[in-house]
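User: Please take a close look at one helix of this model, and set it in the context of its own chain and of the partner chain. I would like a careful reading that keeps the confidence of the prediction in view.

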Amino acid sequence: MARTALTGPDIVTRGLAGNRLGVPSVVFFGVAGAAPLTVILGSIPTIYAVVGNTAVPLVYFVAALILSLFTVGFVAMSRHIVNSGAFYSYISHGLGRVIGVAAAFIALPAYAAMQIGLFGLFGVVASGIMETAAGVKVSWFPCALVAWLLVAVLGTLWVDLSGKVLAVLLTVEILIVLIYDAVMLAHPFHGHVDLAPLAPAQLLTPEVAAMLVLAISGFVGFEATVVLSEEAKDPKKTIGRATHWAVLLPGLLCGVSAWAMAVSAGSANIVQSSKDNTTDLVFQLAGPYVPTALVDIGYVLLLTSVFAALLAFHTAVTRYQFALGRERVLPRLWGVAHPRTGAPLAGSITQSVLALGVLVVYYLTKTDPLVHLFAWLTVAGGLGVLILMWATSLAVVGFFVRRRRKENVWRARIAPLLAFLLLTAVLGATIIGLGELLQVDAGSPFNWLFTTVYAVCATFGVGYALIMRGARPDVYAGIGRGTEGFVVPESVFGRPAHLHKVTADVAHHA
Amino acid sequence: MLANSYYLIAHDDRTGRSRLHPRATGIGLAAGLLGELMLFGRLRAMTGELFIVSQEPPGDSLSHTLLDLLIAQPQHKEIRTWLAYLSQDAADQVGERLLRAGVVEPVTRRKLLSAQTTYMPVTPDQRNAAAWESIRLAEALGRRRSMNLTDRVLTALIVATGLTRYVFFSPQQQRDCMQNMPGIMNSLPDDLVQLVQYTEAAVGSALAAGRR
C-alpha cells in the first residue's frame with residue numbers, strides 16, 4: 001500500500017482534535033474559577049477597605065506578572081508529566097513523593113476553604129438583591145443554603161457548566177466590567193484622572209506584599225487549565241497559551257478596574273468609600289451615569305459569577321479528592337466514580353457536608369458572613385494556595401535542575417528561579433502580615449492559627465507518606481502519577497504496573 | 001468476538017442505553033477491538049506502545065479495517081492514543097458489526113430535534129443471546145470453571161471499566177470476582193495485561209475530566 005507523504009495532521013490526529021478543546025475553551029475553564037466579576041466587585045473593595053492602601057491596581061499587575069513568570073516553568077513542566085492531577089502531582093515529581101503528599105494535605109483544606117468562603121459572598125449578594133428587587137428581607141443564610149443545595153445536587157450529578165454557558169457568561173461579565181470601567185474613568189473625582197494609584201513608588205510600602213496574597217487569591221483557578229491537558233487539541237501549545245491568557249486577562253481586568261474605582265472615588269476617599277459600600281462600591285460609583293438596567297444586570301451577573309466560581313471550586317475539590325482516592329492516598333472510596341455519570345460521589349458529598357457544617361456554625365454563632373466567612377476563609381484558602389504555588393515553583397526548579405529536557409534556559413532555569421524567589425518573598429510577607437489582613441489584634445490567635453493549621457496538615461502528610469512508604473510501597477510508588485500514570489490501583493490486577501514512558505520518567509526521580 | 005460480547009454487556013438489553021458513561025463504554029469497546037487483533041496474533045504491546053507483528057488480514061472486516069488503519073498510521077503507537085481515537089465511534093462500529101451478524105436490530109429513536117440510532121437485541125432469541133454473555137461469565141466464575149482466553153480478557157475489561165455489577169449481581173459474586181482477578185490477570189499474556197491497564201487508566205481520566 002503506497003502511502004503518500006502527508007503534510008499536516010493525519011487522520012488520527014484530526015479525529016482526536018475534533019472532539020477536543022481549543023485555547024478559548026481552556027481559558028474560559030481557567031478564568032471561570034477565578035471569576036473576574038466576583039473579584040472585581042467583591043475582592044477589590046474588600047482589599048481597599050481592609051488594607052487601606054491605594055496601591056491595589058498596581059498590586060494586581062504585579063501579581064499577574066509574578067504568576068505569568070510562574071506559569072512559564074509550570075507549563076514547561078506540564079509538558080513532561082502526563083496526568084490529570086494538580087499542584088501536588090507537580091510537587092511530587094519535582095520534590096519527591098513525601099513532600100507531594102504533604103502538599104496534597106495542604107491543598108484539600110485550602111481549596112475547600114475558598115469554596116466555602118464564597119458561600120458567604122453569595123449569601124450577602126443574594127440577600128441584597130432580594131431586598132432591592134423584591135423588597136423581601138432575607139438573611140444571608142437561606143440564600144447561601146439555596147446555593148449550597150444547587151451546588152450539592154449539580155456536584156453529585158457531575159454537571160459542570162458547559163463551556164458555552166461559561167463562555168457567554170464570562171463574555172458578558174467582561175463586557176459589563178469594561179463598560180463600568182469606562183464610565184468610572186469618564187467621570188473622575190474632581191474632574192481629573194488621577195494617575196497616583198499607578199505610581200510604582202507605592203510598591204515600596206510594607207503592606208504591598210500582604211496585598212499580593214489577596215490579589216493572588218483572585219487568580220486561583222488558572223492552574224486548573226493543566227487538568228485539561230488530556231482534553232486539549234495540542235497539549236503542548238494549547239495549554240501553554242491558555243494558561244498565560246488565564247493569568248493575564250483577569251490581571252489586566254482587575255488592575256484597570258481597581259484603578260478606575262480609585263479614579264472615580266478619588267484616591268483619598270477610595271478606602272473610606274470601600275468601607276462604607278463594600279460590594280456595592282462599583283454600582284455606587286458608576287450607577288449615577290449608567291441606565292438602571294445596567295446596574296441590575298451587573299447585580300445578576302455578580303450572582304451568576306459567584307455561583308460559577310462556587311461550582312468550579314466544588315469541582316476542583318472533588319477532582320482533587322478523586323485523584324487522591326485513585327492513587328490510594330485517600331481511602332479507596334474517594335477514588336470510585338459513579339459508573340454512569342462519572343461523578344466522584346464521595347468527594348462531592350464530603351465537600352457539601354463540610355460546607356453545610358461551616359455555614360450552620362456561622363449562622364448559629366451569628367458571625368459576619370462577609371468579613372469572617374468570605375474574607376477570612378478566602379484569605380486562609382489563598383494562603384494555602386500560595387503555599388502550594390510556592391512549593392510548585394520550587395518543584396519546577398528541582399524538576400529541571402537534573403535535566404533540562406530540551407527546554408530553553410529561560411523556561412527551565414531563569415523563569416522558574418525568579419518565580420520561586422518572588423513567591424518566597426510574597427509568602428514570607430503574608431505569613432508575617434496575616435494578622436493585619438484579617439484585621440485582628442496583635443494578641444489574637446488568628447495571627448498564627450491558619451499558618452499553624454497548614455503546618456500541621458503538612459506534617460501529617462509527611463508522616464502519612466512515610467508510613468505509606470513502609471506499609472504499602474506499591475501504592476506509594478504511584479503517588480503523583482495521576483489517574484493516567486498510575487496504571488493499576490490496588491492489586492485487583494495482580495501484576496505491578498509496567499514501566500512505560502511516564503512511569504520511567506518518575507522512576508528516574510524517585 | 002471480544003468487542004461484540006463487551007458491547008452486549010455494556011448496553012442495557014431493554015433500552016439499548018449505555019450502562020456506563022458513553023465515553024467509558026467507548027474506551028472499553030476500543031480496547032475490545034484492539035484486544036481482538038492481539039488475540040488474532042496480529043498486534044502486540046510493549047511498554048505502552050502497539051506493534052504490528054503480522055499484516056495478514058484477519059477474517060473479520062472490522063478487524064481488517066482497524067489493522068489497515070494501524071498499518072497506515074505507524075507514527076501513532078501509543079495505546080492511549082489509539083484507545084482515545086477508536087473510542088469515538090467504537091459503539092457504532094461494533095453495533096453495525098453485530099447488526100451484520102444478526103445479533104441486534106437498529107432502533108431509531110426520535111428526540112426533539114434529532115434522531116438517534118441504537119443497536120439492540122429485539123427478538124426473544126437475540127435477547128437471550130445477549131443476556132447469555134454476562135450469565136456465561138458469572139456462571140464460569142461462580143462454578144470455578146476454566147475460562148477461555150477471550151472470556152478472561154472480557155472479564156478483565158469489565159472490571160477495568162466498571163461494569164462489574166452488571167455481570168456479577170450479588171455482593172458475594174463481586175467478592176469472588178475480585179478474588180479471582182489477580183489470577184486471571186496473571187494468566188493473560190503481557191500484551192493484554194497492558195491493554196487492560198491502559199483501559200482502566202483511560203476510563204479514570206475520562207471520568208475525572210467530567211466532560212460530556
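What follows is a reading that starts from one helix of chain B and widens from there.

Analyst: The model is a predicted one, and the helix chosen here is α6 of chain B, which covers residues 124-142. This helix has 19 residues and reaches 26 Å from its first C-alpha to its last, close to the 27 Å expected at 1.5 Å a residue. Along its course, α6(B) bends by about 30° at E133(B), and E133(B) is also one of the buried residues of the helix. The other buried residues of α6(B) are A130(B), S134(B), L137(B) and L141(B). As for what surrounds them, the buried residues of α6(B) pack against four helices of chain B, namely α1 (2-10), α7 (149-161), α8 (164-167) and α9 (171-187).

The stretch that follows the helix deserves attention too. Just after α6(B), R144(B) takes a positive phi of about 50°, a sign of phi that is recorded here in a residue other than glycine. R144(B) lies in the loop between α6 and α7 of chain B, and because it has 9 C-beta neighbours inside 10 Å, where 12 or fewer count as exposed, it is classed as exposed. A second residue of chain B can be set beside it: T47(B), also not a glycine, has a positive phi near 40° and is found in the loop between β1 (43-46) and β2 (49-52). T47(B) has 14 C-beta neighbours inside 10 Å and therefore counts as partly exposed.

Another threonine of chain B, T65(B), sits in helix α3, which spans residues 61-72. T65(B) is partly exposed, with 14 other C-beta atoms within 10 Å. The C-alpha atoms of T65(B) and L43(B) are separated by 14 Å, and the two residues are 22 positions apart along the chain.

Taken as a whole, chain B comes to 10 helices and 4 strands, and from the N terminus on its elements run α-α-β-β-α-α-α-β-β-α-α-α-α-α. Its C-alpha atoms fill a box of roughly 45 × 40 × 35 Å along the principal axes. A compact globule of 212 residues would have a radius of gyration near 17 Å, and chain B has 17 Å, so the value agrees with that expectation. Of the 212 residues of chain B, 49% count as buried, while 67% of its contacts with a separation of 6 or more join residues 24 or more positions apart.

Chain A offers a helix that carries the same number in its own chain, and its make-up provides the context for it: chain A has 20 helices and 0 strands. Of the 510 residues of chain A, 56% count as buried, and residues 24 or more positions apart account for 81% of the contacts with a separation of 6 or more. Helix α6(A) has 38 residues and reaches 54 Å from its first C-alpha to its last, close to the 56 Å expected at 1.5 Å a residue. Since 28 of those 38 residues are buried, α6(A) is largely enclosed by the rest of the structure. Just after α6(A), G135(A) takes a positive phi of about 75°.

The largest nonpolar core of the model has 244 residues, and those with the most contacts inside it are A107(A) and F122(A). Helix α6 of chain A, residues 97-134, gives the most to this core, with 22 residues. Leaving aside residues up to four places away in sequence, A107(A) touches A86(A), F87(A), Y88(A), Y320(A) and L388(A). In soluble globular proteins, nonpolar side chains tend to be buried together.

Finally, the confidence of chain A has to be kept in view. Chain A averages a pLDDT of 81, and 89% of the residues score at least 70. Among its elements, helix α14 (residues 345-364) has the highest mean pLDDT, at 92, whereas helix α20 (residues 501-509) has the lowest, at 35. Over residues 483-510 of chain A the pLDDT stays under 50, and for this stretch the model has 70 contacts beyond four places in sequence.

Definitions and conventions. Residues numbered from 1 in each chain as written. Chains lettered and ligands numbered in written order. Predicted model: local features only at pLDDT ≥ 70, side-chain atom pairs only at ≥ 80, totals over all residues. Helix = DSSP H or I, 4+ residues; strand = E, 2+ residues; numbered from the N terminus. Buried ≥ 20, exposed ≤ 12 C-beta atoms within 10 Å, placed from the backbone. Core = buried A, V, L, I, M, F, W, Y, C linked by C-beta atoms within 7 Å. Contact = placed C-beta atoms within 7 Å. pLDDT = per-residue confidence, 0-100. Expected span 1.5 Å × (residues − 1). Bend = angle between axes of the 7 residues up to and from the residue. Rg over C-alpha atoms; globule rule 2.2 N^0.38 Å.
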